[in-house]
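Let's take a walk through this structure together, starting with how it divides up and ending with the chain as a whole. Have a look at it first.

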Amino acid sequence: MSSTVISNIATLVTNDPSLGDASPLGLVRDAAVVIEGDRIVWTGESSKAPATDNRFDAEGRAVLPGFVDSHSHLVFAGDRTEEFNARMSGRPYSAGGIRTTVAATRAATDAQLEANLTRLLAEALRQGTTTFETKSGYGLTTEDEARALRLAARHTDEVTFLGAHIVAPEYAEDPAGYVALVTGEMLDACAPHARWIDVFCEKGAFDGDQARAILTAGRAKGLHPRVHANQLSYGPGVQLAVELDAASADHCTHLTDADVDALANSRTVATLLPGAEFSTRAEWPDARRLLDAGATVALSTDCNPGSSFTSSVPFCIALAVRDMGMTPDEAVWSATAGGARALRRDDVGRIAPGAYADLLLLDAPSHVQLAYRPGVPLVRKVWQKGRRLELRWM
Ligand SMILES: [Zn+2]
């Protein structure tokens with residue numbers, strides 16, 4: 001197995017305080033990283049790096065862990081440009097827009113869905129995302145949901161069954177019947193292809209009791225819960241997520257003090273998705289309030305064709321710093337280590353011996369420039385499981 005040192009790193013973000021300056025980012029200046037096979041085997045100061053077979057000169061740039069995007073919806077067809085255009089002209093967002101994508105997704109072939117998924121993954125990778133979670137939720141029939149999960153599972157281990165995205169149009173008059181389908185036949189068909197189960201707990205989607213029934217049924221089939229919670233209004237989603245030990249409560253835009261306390265006193269991560277607030281001109285989630293209370297915060301894209309059609313984690317970092325009260329250090333931590341926590345992973349999201357060699361070289365001397373230079377494609381090189389990728393736009 002050949003080894004490679006990446007040396008002459010101006011700022012290395014390890015996300016391991018014991019390896020660096022004792023801050024949460026575990027920063028090392030004038031650093032080096034050694035990769036062997038698909039893993040990190042050494043980090044430290046450049047001058048102390050051990051001998052290796054190969055050498056890559058970072059030329060005074062920053063290196064950080066690959067982004068862990070723990071929330072996306074990438075198995076779909078069609079787009080919703082016109083809906084966005086109308087909304088930006090004054091029409092409020094409603095969950096009903098999902099039905100447009102459901103119709104397009106059902107009508108698409110497997111090859112069309114996979115081509116779209118592959119294109120979006122390449123786009124995300126080009127911007128530094130080396131681990132991503134993605135969900136079903138645009139099929140809403142047993143066959144279409146299982147198909148979405150099968151396609152997603154070819155590209156990632158972090159696959160989430162979201163049959164409970166909205167009530168399928170065929171069940172508009174019988175939501176209880178749809179919950180029975182999701183917790184019965186659909187779950188049986190989908191569970192083998194997924195690691196997680198998710199529900200959109202929101203007015204107009206699923207209420208607290210329905211969400212509890214769905215997540216509990218999923219858990220009985222070996223899936224672990226995560227919840228779309230408190231996005232558009234106050235509601236029971238966050239409390240339910242904590243009660244069921246969900247890995248993550250996602251959105252967390254409308255929180256009571258009790259919700260914040262519950263998150264802070266649990267291992268459920270608060271995953272914030274500022275692309276959604278940006279694209280719907282909605283109120284920002286208050287990251288500062290969550291962090292000050294002691295909650296663990298992750299930042300992800302929520303990439304989907306309706307409410308957040310961005311695959312760019314750097315864009316989300318910039319928004320979180322500008323508008324959600326996060327420091328640049330906190331935002332970078334949340335988009336890497338935070339995402340890993342939201343997926344209950346410790347082999348990604350950090351640059352430490354034993355972790356996967358998933359890392360980014362920025363065309364900048366510091367990770368802070370991800371927020372300081374918004375909209376600029378700063379990701380220059382990406383390593384995924386030890387392999388340096390050829391980055392290209394498709
Ligand atoms: Zn979502």
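What you see is a predicted model, and a good way in is through its domains. The domain assignment splits the chain into domain 1, covering 3–66 + 349–388, and domain 2, covering 67–342. So how far apart are the centres of domain 1 and domain 2? Taken over C-alpha atoms, they are separated by 29 Å.

The two domains touch, with 21 residues from domain 1 and 21 residues from domain 2 taking part in the contact. Now look at the side of domain 1 that touches domain 2: strand S4 (54–65), helix H14 (369–372) and strand S14 (379–384) each bring at least two residues to it. The largest share comes from S14, with three residues. And what kinds of residues make up that side of domain 1? By class, there are 13 nonpolar, six polar and two charged residues.

Now step back and take in the whole chain. It holds 14 helices and 15 strands. The radius of gyration is 21 Å, close to the 21 Å that the globule rule gives for 394 residues, so the chain is as compact as a globular protein of that length. Along its principal axes, the C-alpha trace spans about 70 × 45 × 45 Å.

Inside, buried residues account for 54% of the 394 residues. As for who meets whom, take the contacts between residues at least 6 apart in sequence: 69% of these join residues at least 24 apart.

How values were computed: Residues are numbered from 1 along each chain as its sequence is written. This is a predicted model: local features need pLDDT of at least 70, side-chain atom pairs count only at pLDDT 80 or more; totals for chains, interfaces and linings use all residues. Helices (H or I, at least four residues) and strands (E, at least two) are DSSP runs, numbered from the N terminus. The radius of gyration is taken over C-alpha atoms; the globule rule is 2.2 Å times the number of residues to the power 0.38. A residue is buried if 20 or more other C-beta atoms lie within 10 Å of its own, exposed if 12 or fewer, and partly exposed in between; C-beta atoms are placed from the backbone. Two residues are in contact if their C-beta atoms, placed from the backbone, lie within 7 Å. Domain bounds come from an automatic or database domain assignment. Ala, Val, Leu, Ile, Met, Phe, Trp, Tyr, Cys and Pro count as nonpolar, Asp, Glu, Lys and Arg as charged, and the others, Gly among them, as polar.
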